[in-house]
Amino acid sequence: MDRIKLIIPVLLFAACSPATFRIIEKPAVFDETRKQLSVEYLQKRHGIQTNSPYITPKMVVLHWTAIPTLEQSFDAMNPAVLRGRGDIATSSALNVCAQFLIDRDGTIFRQLPDTAFARHVIGLNYCAIGVENVGGSKAPLTRAQLKANEALVRHLKRKYNIEYVIGHYEYTKFVNHPLWKEADTSYRTVKTDPGERFMKKIRKRLKDLELKGAPDR
């Protein structure tokens, strides 16, 4: 009988305990080449004169990779120099990347320091932390990823003065907004990630934080 009494509280505790929030380090290349290309991007694309490849984050931008696996997604973002992206190569040799990458099972990986500059969203890189999710239009993001994105945004909000959370597809709504900084008025790409349904769900989960979305145009 005593043994049963001991087991029941343990089971109840295990059932009620939330999952532990963890970020696993999976560093992308952040060498002198990436740093220099980042500084050049800040100067030429965003008009910010600096010698430091770091940002003051004001927003989080959520993405999907449109690449089927974690390792393939990481391998695409890992090199400092861009390869095989003719649509954006003329704007900079800096490779695309994001500070965070989330796998299908919700595991969160940090690819770059939180405030390191990353090329992931036109016009807003200088103030945006990027979160890439493994998936795409043919592999919608999972419930585990939804929960991980929520936990990560809450974590970042506690650390930084985050005011906005947007989906990548919403970035053009910031054109003419005070935060928008892009030197080339013709430099735009059409995006659909991470999907409107996903953003609707994440905003519902984060409602208590009173974060702003993209401005209406």
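Is D208 buried or exposed? In this predicted model, D208 comes out as exposed, with a relative accessible area of 53%. The cut-off for that label is over 50%, so 53% puts D208 in the exposed class. This acid also has a charged partner: D208 and R154 form a salt bridge, with 2.7 Å between the closest N and O atoms. R154 sits in helix α4, while D208 belongs to the segment after α5, so the pair ties together parts that are 54 residues apart in sequence.

Helix α4 turns up again in another pairing. The side chain of E150 meets that of R205 in a salt bridge, at 2.7 Å from N to O. Here E150 is the helix α4 residue (143-159) and R205 comes from helix α5 (residues 196-205), so this bridge links parts that are 55 residues apart in sequence. As for exposure, E150 counts as buried at 15% relative accessibility, whereas R205, at 25%, counts as partly exposed. Buried means under 20%, so the 15% of E150 falls inside that class.

Moving to another part of the chain, K26 and E71 also join their side chains in a salt bridge, this time at 3.0 Å from N to O. K26 lies in the loop between β1 (24-25) and α2 (32-44), and E71 lies in helix α3 (residues 70-77), so the contact ties together parts that are 45 residues apart in sequence. The lysine, K26, is buried, with a relative accessible area of 17%; the glutamate, E71, is partly exposed at 41%.

These pairs belong to a longer list, since the structure holds 12 salt bridges. Not every bridge stands alone, either: E25, R110, D114 and K159 are linked in a network of salt bridges. The general idea behind such links is simple: side chains of opposite charge can pair when their charged atoms come close.

Finally, a look at a histidine. H63 is found in strand β2 (residues 59-64), and its relative accessible area of 1% makes it buried. What does H63 touch, not counting residues up to four places away in sequence? The contacts of H63 include two other histidines, H120 and H168. H63 also touches G130, V131, E132 and N133, along with L141, D193 and P194.

Technical notes: Residues are numbered from 1 along each chain as its sequence is written. This is a predicted model: local features need pLDDT of at least 70, side-chain atom pairs count only at pLDDT 80 or more; totals for chains, interfaces and linings use all residues. Side-chain values use heavy atoms; hydrogens and water are left out. A salt bridge is a side-chain nitrogen of Lys or Arg within 4 Å of a carboxyl oxygen of Asp or Glu. Helices (H or I, at least four residues) and strands (E, at least two) are DSSP runs, numbered from the N terminus. Buried means under 20% relative accessible area, exposed over 50%, partly exposed in between (1.4 Å probe, protein chains only). Contact means heavy atoms within 4.5 Å.
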